[in-house]
Amino acid sequence: MRESGAAVLDVHAHHAERGFWRTYVFSTDHKMIGKQYLSLGLFWAVVGGLLAHVMRWQLAWPETAVPGWGEVGPETYNVLVTMHGTIMVFFVAMPILLGAFGNFLIPLMIGARDMAFPRLNMLSVWVFALASLVLLVSFFIPGGAASAGWTGYPPLSAKAEYTGVNWGMDLWILAHALEFAAFLMGGVNYLTTAIALRVPGMTFFRLPLVIWQLLTATTLFLLSVGPLIAGAVMLLLDRIIGTHFYAAEGGGDPLLWQHLFWFFGHPEVYVILLPAVGLVLDVLPVFARKPIFGYRWIIYSTIAAGGLSFIVWAHHMFVSGMDPRLAMPFSITTILISVPFAFIMFAMIATLWKGSIRFDTPMLWALGFVAMFIVGGLTGIFNGSAPADIYISDTYFVVAHFHYTLFSSVVFGGFAGFYFWFPKMFGRLLSEPLGKIHFWLTLVFFNVTFFPLHNIGLAGMMRRIANPLEYEFLVPHQWINVVATVGGMLLLASQIPFVVNVVWSLLAGKTAPKNPWGANTLEWTAPSPPPHLNWGETLPVVYRGAYEYSSPEVAEDWLPQDRTLAARSR
Amino acid sequence: MSRGAIVLEDEVGFQRHHRVDSATVGMLIFLGAETMLFAGFIAAFLVFRLTAPVWPPPLQPRLPVGVTAVSTAVLLSSGYPMWRALRAARDGDHGGLGRSLTLTGLLGATFLGVQGYEWARLLTFGLTAPSGIYGGTFYTLIGAHALHVLAALAWLGIILILRNPAGVPVFGMYWYFVVGLWPLLYTLVYLA
Ligand code: HEM
Ligand SMILES: [Cu+2]
């Protein structure tokens, strides 16, 4: 223990004045790194959103050129789908939900001054920036960007002749490799920090739920990404030196990729979902002024879902030609995994029950998440049972399903967290009216865009097609595509109040007090925004759980984790 | 406060609180991810191995089981000087640390050298990665391990050059992972 003490003394000495570069660019401060992840994620959200817009225009009016883009042929459409999916999952959802919130919240909520390995943390965001650069460059090279789907199935992804994309696919693999390295470094940091640096009194069962969710998501990522990296190495070797891992003609097996991909892929969707669930779980009690319902059972459910997520992957492969005897066990595990999530949804609703609910902007987004995610969760049951899925697999029903789950997580969950912690992050308050307009517009147009997709999917519209009018049976349903596209444009436009709000607030917003919402967790005991190293000379000490709202023991309706009650100390 | 916790003041007089040694925890977590990486490679290998009607496929060169057994022994024996190095680092015995680490590195390098020589011979016999699934899985699985040995040797070299014993315990964990993994790969790929 003595020697680790020595290692501990390696301290970044000065937190007084640091220059521009050390503060904003090469910073080891977890809060700045979180903001860097946030900025990169928001940049990619714009790109991903614009690609979606081009796709939607093409689907509604396939015979006309897309304004500002031009004609979209099938090859281009494949690029659009692939890059939209890749960007939204790996360059928007992960950096914002795990990268930004993980970095910002974990040290602050457990009472640490920074991550366990601050320099590794800085490296993490820089490697992610490099991954972003590689992905961006891939749009502009001969042959264009990857077009084998965000899932990169071989043989399409393994041979340039099949797609006409050569370097784009290699850069796609490289960008993923860099991104995984970045989140590996981040993940090691998150878990180590939470294990080693909790302040006195912060036991595991006093951690805020968002921390539990972030840690579970991180664990899932760390344990599932290895097989995908192995698979990606083999894919790269197939492409570059001509091995035959995925080429049936050389004795290989294209399904092997699908197994390795989805062994990672299903945990990966929880890497996105769980942090969002965590953000919402921490917002709900603050605005219901009630303790969370079933704290420990939420944790157990999360862990159970995390464990089960490793044995459901083949539900993505019911129509792939794998051994059909596998369909039954994977249907069963998939139905099983909905049980813990059903409990968590139930706990969210039960937390609201008889609360004194305040409808501030963060709360609206949190409630929006609950409502929309339930829709996605319910359609998931259809996808998960093989007999139903064989009909709806690869249709717009599935597209609707995963947008109700993913969009809810990233946008509704993400904005719940963003509006809630913005005052802590930037020291300014956001405008409530603008935030509410943003919420209601997004809620309405999200549903206009995506709900009808269920119907057109059941009518048989396949995903990843560039021109629905080529199929006679879809022509009578084309009006649905038009509705969804107009909804999509308005959905994108609905983000304008958000941009205005943030810019206005940063320039001229009211300064945020330490604890604007009357919340219990430790980050609200630090100044807004917290300085480098978060607290002054002494660290807070924790005496209680995170959700003691409306406690009869105190006059106020909140009871911070670091408050000790002299008479009845626990 | 939990047992073994460390409360310190850093250079600017700020209180810091550590429950356990971060580097050890971080390395354990990293090795968990590494384990899953090899699980992926091994799973892919087994899929091909178990579905093949004959293995090794006909007309393919045999792997050098005997020579590799010897180099396996060499690699495993490096565990002893590594253990000595850990003790020397703990006791602050700089001379002993340098000698033990050097010996560890030499044994590891010998293993790698023999592998390189065998690979060169296999290539001349026509076993290449593109020549078929047999060669492909062999070179990726064994190659992934070889790269890990190489990385460990590079790290070891840096420790020796910088003469900094602080990282030795964590390096030891990584070394034991790389060494401990090998017998499993040898059994699966060469023997079974
Ligand atoms: C954060 C939000 C979003 C996420 C995480 C997301 C994720 C995805 C994913 C993973 C795919 C599958 C890509 C593939 O098949 O390779 C996809 C496809 C698609 N997305 Fe999104 N998306 C989001 C927002 C949007 C928005 C706002 C729109 C519309 C305005 C949209 C429209 C589409 C369309 C049209 C497809 C193509 C479906 C197909 O042809 O299979 N997405 N999205
Ligand atoms: Cu899944």
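This passage describes two metal sites and one helix in a predicted model.

We may begin with ligand 1 and its iron atom. The protein donors to this iron are the NE2 atoms of His84(A) and His403(A), lying 2.0 Å from it. His84(A) belongs to helix 4 of chain A and His403(A) to helix 14 of chain A, so the pair ties together parts that are 319 residues apart in sequence. Both His84(A) and His403(A) are buried. The iron site has six donor atoms and is octahedral, with angles of 88 to 179° among them. For reference, the ideal angles for six octahedral donors are 90 or 180 degrees.

The surroundings of ligand 1 comprise 23 residues, of which His84(A), Trp150(A), His403(A), Arg463(A) and Arg464(A) come nearest. By class, this shell holds 15 nonpolar, five polar and three charged residues. Helix 14 of chain A gives the most to the shell, with seven residues. Helix 3, helix 4 (74-110), helix 14 (396-426) and helix 16 (478-493) of chain A each supply at least two residues. Oxygen atoms of ligand 1 also take part in polar contacts. A polar side-chain atom of Arg463(A) lies 2.5 Å from one such oxygen, while Arg464(A) places a backbone N or O atom 2.6 Å from an oxygen of the ligand. In the case of Tyr77(A), a side-chain N or O atom is 3.4 Å from an oxygen atom of ligand 1.

Turning to the copper ion (ligand 2), coordination comes from His266(A) through ND1 and from His315(A) and His316(A) through NE2, at 1.7 to 2.0 Å. Along the chain, these donors follow the spacing H-x48-H-H. His266(A) sits in helix 9 (residues 254-288) of chain A, and His316(A) in the loop between helix 10 (295-308) and helix 11 (327-352) of chain A, so the pair ties together parts that are 50 residues apart in sequence. How accessible are these two residues? His266(A) is buried, since its relative accessible area of 7% falls under the 20% cut-off. His316(A), in contrast, is partly exposed, at 29%.

Helix 3 of chain A, one of the contributors to the shell around ligand 1, also merits a closer look. This helix covers residues 30-60, and at 1.5 Å a residue its 31 residues should span 45 Å; the end C-alpha atoms are 44 Å apart, which agrees. Helix 3 of chain A is mostly covered, with 22 of its 31 residues buried. At the start of the helix, a side-chain oxygen of Asp29(A) reaches to within 2.9 Å of the backbone nitrogen of Lys31(A).

Technical notes:
Residues numbered from 1 in each chain as written. Chains lettered and ligands numbered in written order. Predicted model: local features only at pLDDT ≥ 70, side-chain atom pairs only at ≥ 80, totals over all residues. Heavy atoms only, no water. Helix = DSSP H or I, 4+ residues; strand = E, 2+ residues; numbered from the N terminus. Expected span 1.5 Å × (residues − 1). Buried < 20%, exposed > 50% of the residue type's maximum accessible area, 1.4 Å probe, protein only. Polar contact = N/O pair within 3.5 Å; in protein donor to acceptor, adjacent residues only side chain to side chain. Donors = N, O, S within 2.8 Å, 3.2 Å for Na, K, Ca; no water. Near = heavy atom within 4 Å. Nonpolar A, V, L, I, M, F, W, Y, C, P; charged D, E, K, R; others polar. Tetrahedral: all angles 85-135°; square planar, octahedral: opposite > 155°, others 65-115°.
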